[in-house]
Amino acid sequence: SDWSSDVCSSDLSYGIRYRLFQTPRIALGVGFAVAPPASLYAPSETQPKYLLDINSGYQLTPGLTIKGMLQESTSHTPGVARILPAQALGADFARSRSTVVSPDIGLRSVTALARPQSFGDLCVKRSLDRKLMFDMGLGTAFNPVAHAKAHYLSAGLSFKP
């Protein structure tokens, strides 16, 4: 599936993804997203405001793709204009032409001057038709940072024009 390099996300956002380069085995893309704050009254420095990422995939077999992602995000917290990096490695296992299972592991900076938080997630992506994909994910952080150890359940729809 050509949706395979897409990443599941736990943040409500809207954005754009663009495939820069693609061969039958290798793909490279970029993405930009804006995430509205979860609360206008209590902004969280752990929720990203803007996200910019570079993602890639290498197809080892028709059913297995290894993928990587580098991301930079900014915080919603007033007065905090920091760039917070994240990186993840994962795989896409194509169960059929329309269903992909994706485990990922990675590191992300959640707050300035804190050690990175490691995380893992599992996502199932299902193409509903050529232009619409549904995804559902479950993930966790492995170590607490800033007194938070996140666990999440995500669901989303992606539209491809």
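Biologist: What share of the contacts between residues at least 6 apart in sequence joins residues at least 24 apart in the protein chain?

Modeller: In this predicted model, the share is 42% of the contacts in the protein chain between residues at least 6 apart in sequence. A contact here requires heavy atoms within 4.5 Å.

Biologist: Which elements make up the chain, going from the N terminus on?

Modeller: The order is β-β-β-β-β-β-β-β-β, and the count for the protein chain is accordingly 9 strands and 0 helices.

Biologist: How are the strands ordered in the sheet, and what is their pairing?

Modeller: The 9 strands form an open sheet in the order 1-2-3-4-5-6-7-8-9, and the pairing is antiparallel.

Biologist: What makes strand 1 and strand 9 edge strands?

Modeller: Strand 1 (14-22) and strand 9 (151-159) each pair on one side only, and this is what marks them as the edge strands. From one strand to the next, the twist of the sheet averages 20°.

Biologist: How do you know that strand 5 and strand 6 are paired?

Modeller: Pairing asks for at least two bridges between two strands, and 7 bridges join strand 5 (residues 83-94) to strand 6 (residues 99-108), so the two antiparallel strands meet the criterion. One of the residues with a bridge partner is A88, whose partner in strand 6 is G106.

Biologist: Why is T65 called buried?

Modeller: The cut-off for buried is under 20% relative accessible area, and T65 has 13%, so T65 is classed as buried. This residue is found in strand 4 (residues 64-75), and, leaving aside neighbours within four places in sequence, T65 is in contact with G57, Y58, Q59, L60, G90, A91 and D92.

Biologist: Why does D104 count as buried?

Modeller: The relative accessibility of D104 is 9%, which is under the 20% cut-off, and therefore D104 counts as buried. D104 has its place in strand 6.

Biologist: Which residues is D104 in contact with, leaving aside its neighbours within four places in sequence?

Modeller: With those neighbours left aside, the contacts of D104 are K67, L89, G90, A91, F119, G120 and D121. As for M69, D104 lies 35 residues from that residue in sequence, and the C-alpha to C-alpha separation in space is 9.9 Å.

Biologist: What part of the protein chain is buried, and how much accessible surface does the chain have?

Modeller: Of the 161 residues in the protein chain, 35% are buried. The accessible surface comes to about 9800 Å², with 65% of this area belonging to carbon and sulfur atoms.

Conventions. Residues are numbered from 1 along each chain as its sequence is written. This is a predicted model: local features need pLDDT of at least 70, side-chain atom pairs count only at pLDDT 80 or more; totals for chains, interfaces and linings use all residues. Side-chain values use heavy atoms; hydrogens and water are left out. Helices (H or I, at least four residues) and strands (E, at least two) are DSSP runs, numbered from the N terminus. Buried means under 20% relative accessible area, exposed over 50%, partly exposed in between (1.4 Å probe, protein chains only). Accessible areas come from the Shrake-Rupley method with a 1.4 Å probe; for residues, only the protein chains shown count as cover. Axes are lines fitted to C-alpha atoms, for helices over the stretch in contact, and angles run from 0 to 180 degrees between N-to-C directions.
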